[in-house]
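Welcome to a short tour of one protein model. Have the sequence and the 3D view at hand, and we will go from the overall layout down to single residues.

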Amino acid sequence: MSEPCCQITDEKYLKLDEVINQYKGKAGGLIPVLHQAQLIFGYLPKDVQIRVAEGLGIPLSEVYSVITFYSLFSLQPRGKHTIGVCLGTACYVKGAAEILQALEENLGVKVGESTEDGLFSLMQTRCIGACGLAPVLTIGEDVYGRLTPEMLPDILKRYEQ
Ligand code: FES
């Protein structure tokens, strides 16, 4: 049986230690380590933050401030599907803020949070290079463009399983 996505195992910590050792003592190592840690664990819980801080010999507060500054890092387990709403200029001008607000209402979460059923995480993104389709959102690898708030329930339904 395959392991649940968010379970934290010793094996994952061993992988994290390998990554930490690779970047230890190198300038600018924190972001690549956190990026790898998120790939390994799916998110960055407190224990992982501590391991990274101790491993790299930097204050935990520095690790935490980097995680909270970059929206690509998550402090909570991610949902099965990550929804990314583009808030780049072209999308913003075409109503991305309304799309985001409608999604928050539909899903009952704020940006950066995941739904209670673990199905969706709601994130904001920068320009994804599909400005001609603005406003745009992504769900995993899928891109939806020329959105209106009315289109959202049907789009979400495709992933509700
Ligand atoms: S600004 Fe949204 S895709 Fe470019």
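A residue is called buried here if 20 or more other C-beta atoms lie within 10 Å of its own, exposed if 12 or fewer, and partly exposed in between. By that rule, 22% of the 161 residues of the protein count as buried. Please keep in mind as you read that this is a predicted model.

**Overall layout**

The protein holds 7 helices and 4 strands. Their order along the sequence follows the pattern α-α-α-α-β-α-α-β-β-β-α. Along its principal axes, the C-alpha trace spans about 50 × 40 × 25 Å. The domain assignment gives domain 1 (10–69) and domain 2 (81–157), and the C-alpha centres of domain 1 and domain 2 lie 29 Å apart. As for contacts between residues at least 6 apart in sequence, 61% join residues at least 24 apart.

**Helix packing**

Let us begin with helix 1 (residues 10–23). At 1.5 Å a residue, its 14 residues should span 20 Å, and its end C-alpha atoms are 20 Å apart, so the two values agree. Just after helix 1 comes G25, with a positive phi of about 80 degrees.

Two helix pairs can be set side by side:

| Helix pair | Axis separation | Crossing angle |
|---|---|---|
| Helix 1 and helix 3 | 10 Å | about 35 degrees |
| Helix 2 and helix 3 | within 11 Å | roughly 145 degrees |

Which residues bring helix 1 and helix 3 together? Helix 1 offers Y13, L16, D17, I20 and Y23, while helix 3 offers V48, R51, V52, G55 and L56. These residues divide into 7 nonpolar, 1 polar and 2 charged. The crossing of helix 1 and helix 3 is right-handed.

The crossing of helix 2 (residues 30–41) and helix 3 is right-handed too. On the helix 2 side, the contact is made by L30, V33, L34, A37 and F41, and on the helix 3 side by V48, V52 and L56. How do the residues of this contact divide? There are 8 nonpolar, no polar and no charged residues in the contact of helix 2 with helix 3. V48, V52 and L56 of helix 3 thus appear in the contact with helix 1 and in the contact with helix 2.

**A look at L60**

L60 is found in helix 4 (residues 60–69). Is L60 buried, exposed or partly exposed? It counts as partly exposed, because it has 13 C-beta neighbours inside 10 Å. Leaving aside its neighbours within four places in sequence, L60 is in contact with Q49, I50 and A53. Take Q49 as an example: L60 and Q49 are 11 residues apart in sequence, and their C-alpha atoms are 6.9 Å apart in space.

**Two backbone details in loops**

Next, turn to the loop between strand 2 (120–125) and strand 3 (137–139), where P135 is found. The peptide bond from A134 to P135 is cis, with omega near -5 degrees.

Another spot to visit is R146, in the loop between strand 4 (142–144) and helix 7 (152–157). R146 has a positive phi of about 45 degrees although it is not a glycine. Is R146 buried or exposed? R146 is exposed, because 11 other C-beta atoms lie within 10 Å, and a residue with 12 or fewer counts as exposed.

How values were computed. Residues numbered from 1 in each chain as written. Predicted model: local features only at pLDDT ≥ 70, side-chain atom pairs only at ≥ 80, totals over all residues. Axes fitted to C-alpha atoms, helices over the stretch in contact; angles between N-to-C directions. Left-handed = near helix turned anticlockwise from the far one by under 90°. Contact = placed C-beta atoms within 7 Å. Nonpolar A, V, L, I, M, F, W, Y, C, P; charged D, E, K, R; others polar. Expected span 1.5 Å × (residues − 1). Domains from an automatic or database assignment.
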